[in-house]
Amino acid sequence: MKDSVVVLTEDNTPQLLPNMIISQIRLLKDEGFRFVTMSSNDLGDSICVLYHLDKDLQLINLKVEVPKGSKIPSICSVYASAVLIENEIKEHFGVNFDGLSIDFQGMLYLDEEVQKTPFCKIGITRV
């Protein structure tokens, strides 16, 4: 097996609008792709959420950018296992997922005394 590294670029990572993510994720699931994980990054005024799926060692990445503090649809209705990573992204980056099947209310990892999202450059205060 040849070692390789895939660098995410605009060419291999399509950017979707938040309202498109559920239909695209469902389409990939119907094609046999499995949910691997999600990742996120602080872009300053917005948060980039990346969805990683694979089928037969073919990795597919989808990208959604959302303004800080805004909502994005949860993919838990398609992949129930996404509940943990969506809660983690919510807790660490302040992204709210609409339709989250189990909401840990910011207590998945962080203690009650922690009031800000630790991985945002400009923290989003929890109320």
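Let's start with one pair: Met 38 stands opposite Tyr 51, which sits in strand 3. A little further along, Phe 35 has Leu 53 of strand 3 as its bridge partner. Strands here, like helices, are DSSP runs numbered from the N terminus (E, at least two residues, for a strand; H or I, at least four, for a helix).

Before we go on, a word about what we are looking at. This is a predicted model, where local features need pLDDT of at least 70, side-chain atom pairs count only at pLDDT 80 or more, and totals for chains, interfaces and linings use all residues. Residues are numbered from 1 along each chain as its sequence is written, and side-chain values use heavy atoms, with hydrogens and water left out.

The pLDDT, the predictor's confidence in each residue on a scale from 0 to 100, averages 83 for the protein, and 73% of the residues score at least 70. Among the elements, helix 1 (residues 21-30) has the highest mean, 96, and helix 2 (residues 82-93) the lowest, 90. Please keep in mind that where pLDDT is low, the predicted coordinates should not be read in detail.

Now back to the sheet. Four strands make an open sheet in the order 1-4-3-2, with mixed pairing. Strand 1 (15-16) and strand 2 are the edge strands with a single partner each, so one side of each has no neighbour in the sheet. Two strands count as paired if DSSP finds at least two bridges between them; strands 2 and 3 have eight, in the antiparallel sense. These two strands form a hairpin with three residues between them, and Gly 44 in the turn has a positive phi of about 105 degrees.

What do the helices lie across? Helix 1 lies across strand 1, strand 3 and strand 4, at about 170 degrees to strand 4. Helix 2 lies across strand 2 and strand 3, at about 5 degrees to strand 2. For those angles, axes are lines fitted to C-alpha atoms, for helices over the stretch in contact, and the angles run from 0 to 180 degrees between N-to-C directions.

On to the charged side chains. How many salt bridges are there? The count comes to three, taking a salt bridge as a side-chain nitrogen of Lys or Arg within 4 Å of a carboxyl oxygen of Asp or Glu.

One of them joins Arg 34 and Asp 54, with the closest N and O atoms 2.7 Å apart. Arg 34 belongs to strand 2 (residues 34-42) and Asp 54 to strand 3 (residues 46-55), so this pair ties together parts 20 residues apart in sequence. Asp 54 is buried at 11% relative accessible area; buried means under 20%, exposed over 50%, and partly exposed in between (1.4 Å probe, protein chains only).

Lys 68 and Asp 42 meet in another, at 3.0 Å from N to O. That pair links distant parts of the chain, 26 residues apart: Lys 68 is in the loop between strand 4 (58-67) and strand 5, and Asp 42 is in strand 2. Asp 42 is buried at 4%, while Lys 68 is partly exposed at 21%.

Lys 63 and Glu 65 also form a salt bridge, at 3.6 Å from N to O. Lys 63 counts as buried at 18% and Glu 65 as partly exposed at 30%.

Last stop: Lys 71, in strand 5 (residues 71-73). Is Lys 71 buried or exposed? Lys 71 is exposed, because its relative accessible area is 57%. Leaving aside residues up to four places away in sequence, Lys 71 touches Val 66, Asn 96 and Asp 98, where contact means heavy atoms within 4.5 Å.
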